[in-house]
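Q: I am new to this structure. Please show me how to read it, feature by feature.

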Amino acid sequence: MYADTQNEITRQVVRVAQLLLAYGADSELVEEISQRLGYALGLASVEISISSNSLVLTSLVHGRCITTTRRTREHGINMTIICELQRICLLTEKGIYGLNEVRKRVSRIQPRTYPKRYLVPMIGLSCASFCHLFGGDLAASILTFCASSVGMFVRLSIAKHHYNLLINFAVTAFVITLIAQLGYQIPFTETPKLPMAASVLMLVPGFPMINSISDMVKGHLNVGISRWGHATLLTVSSVIGITMAMQLGGLFL
């Protein structure tokens with residue numbers, strides 16, 4: 001294998017690792033896919049080191065090492081991209097894809113999002129369903145639907161302008177709680193507590209928490225602690241927004 005070919009393979013493997021890490025894959029999966037893809041493309045060895053905001057990958061062929069470093073930035077959870085990268089790895093292992101095809105497929109990967117007109121009501125419906133499961137009456141479920149739908153609309157609008165995610169969560173939690181506490185201001189429901197609890201469930205950072213625990217259990221302490229810290233900050237931001245709205249509504253008086 002020529003040095004230029006090894007360089008190109010290394011670039012593609014580290015690009016795949018970078019995308020996996022950016023879109024929410026746990027560290028063990030990033031290592032596994034990177035090594036399997038490298039072996040399938042002809043590398044003798046692939047070593048990867050992952051930190052909270054960067055990764056270092058070294059490829060080895062015929063005693064020749066190439067090391068490259070990439071900075072990683074989170075782009076949110078997107079399992080479609082992770083599944084597509086796994087599919088590319090599997091097809092490369094089967095010999096269907098070569099280096100050129102892998103390059104084309106990876107370069108075409110773009111994050112896809114659901115249309116806002118579908119996402120907003122579905123989030124509202126899911127939170128309203130939780131309210132119903134918690135024992136809320138019909139009025140509480142309707143209030144939960146309205147609060148969480150408006151909150152999701154606010155969250156997407158803020159995200160569109162690329163504001164800090166902590167500010168996003170705080171403002172969204174504030175708006176949701178401000179609407180959900182109407183059950184206390186206007187007594188049209190017998191379960192006013194439940195809309196306040198159910199409507200903010202959309203802000204629970206469940207996936208980052210699971211990934212952080214998974215990373216720490218599997219020995220990737222640096223990444224695990226970093227993800228746990230980020231998820232904790234998101235939770236604290238939500239709590240700040242909820243507390244401010246409750247204070248404004250007089251529920252702490």
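A: Start with a definition: helices (H or I, at least four residues) and strands (E, at least two) are DSSP runs, numbered from the N terminus. Over residues 118–135 the chain is 89% helix and 0% strand. The C-alpha atoms at the two ends are 26 Å apart. This is a predicted model: local features need pLDDT of at least 70, side-chain atom pairs count only at pLDDT 80 or more, and totals for chains, interfaces and linings use all residues. Residues are numbered from 1 along each chain as its sequence is written, and side-chain values use heavy atoms, with hydrogens and water left out.

Q: Where does UniProt place the feature "transmembrane region"?
A: UniProt positions are given in the numbering used here, feature names are shortened, and annotations may be inferred rather than shown by experiment. The unreviewed UniProt entry puts this feature at residues 118–135, 141–158, 165–184, 196–213 and 233–252. Residues 141–158 are 100% helix and 0% strand, with end C-alpha atoms 26 Å apart.

Q: Is Ser-141 buried or exposed?
A: Buried means under 20% relative accessible area, exposed over 50%, partly exposed in between (1.4 Å probe, protein chains only). Ser-141 has a relative accessible area of 10%, so Ser-141 is buried. Ser-141 belongs to helix α6 (residues 138–160).

Q: Which residues does Ser-141 touch?
A: Contact means heavy atoms within 4.5 Å. Leaving out residues up to four places away in sequence, Ser-141 touches Ala-128, Cys-131, His-132 and Gly-136.

Q: What is the largest nonpolar core built from?
A: A nonpolar core is a set of buried Ala, Val, Leu, Ile, Met, Phe, Trp, Tyr and Cys residues joined through side-chain atoms within 4.5 Å. The largest has 35 residues; Val-16, Leu-20, Val-30, Ile-48, Leu-85 and Ile-88 touch the most other members. Two or more residues come from each of α1 (3–22), α2 (27–40), β1 (45–50), β2 (54–61), α3 (79–93) and α4 (99–108). The largest share, nine residues, is from α1. Apart from this core lies another, of 14 residues, among them Cys-127 and Ile-176.

Q: How many aromatic pairs are there?
A: Rings of Phe, Tyr and Trp (its six-membered ring) pair if their centres lie within 6.5 Å; planes under 30 degrees apart count as stacked, over 60 as edge-to-face and the rest as tilted. A search of the whole structure gives one pair. The rings of Phe-130 and Phe-134 have centres 6.1 Å apart and planes at 35 degrees, so the pair is tilted. Phe-130 is partly exposed, at 39% relative accessible area. Phe-134 is partly exposed too, at 45%.
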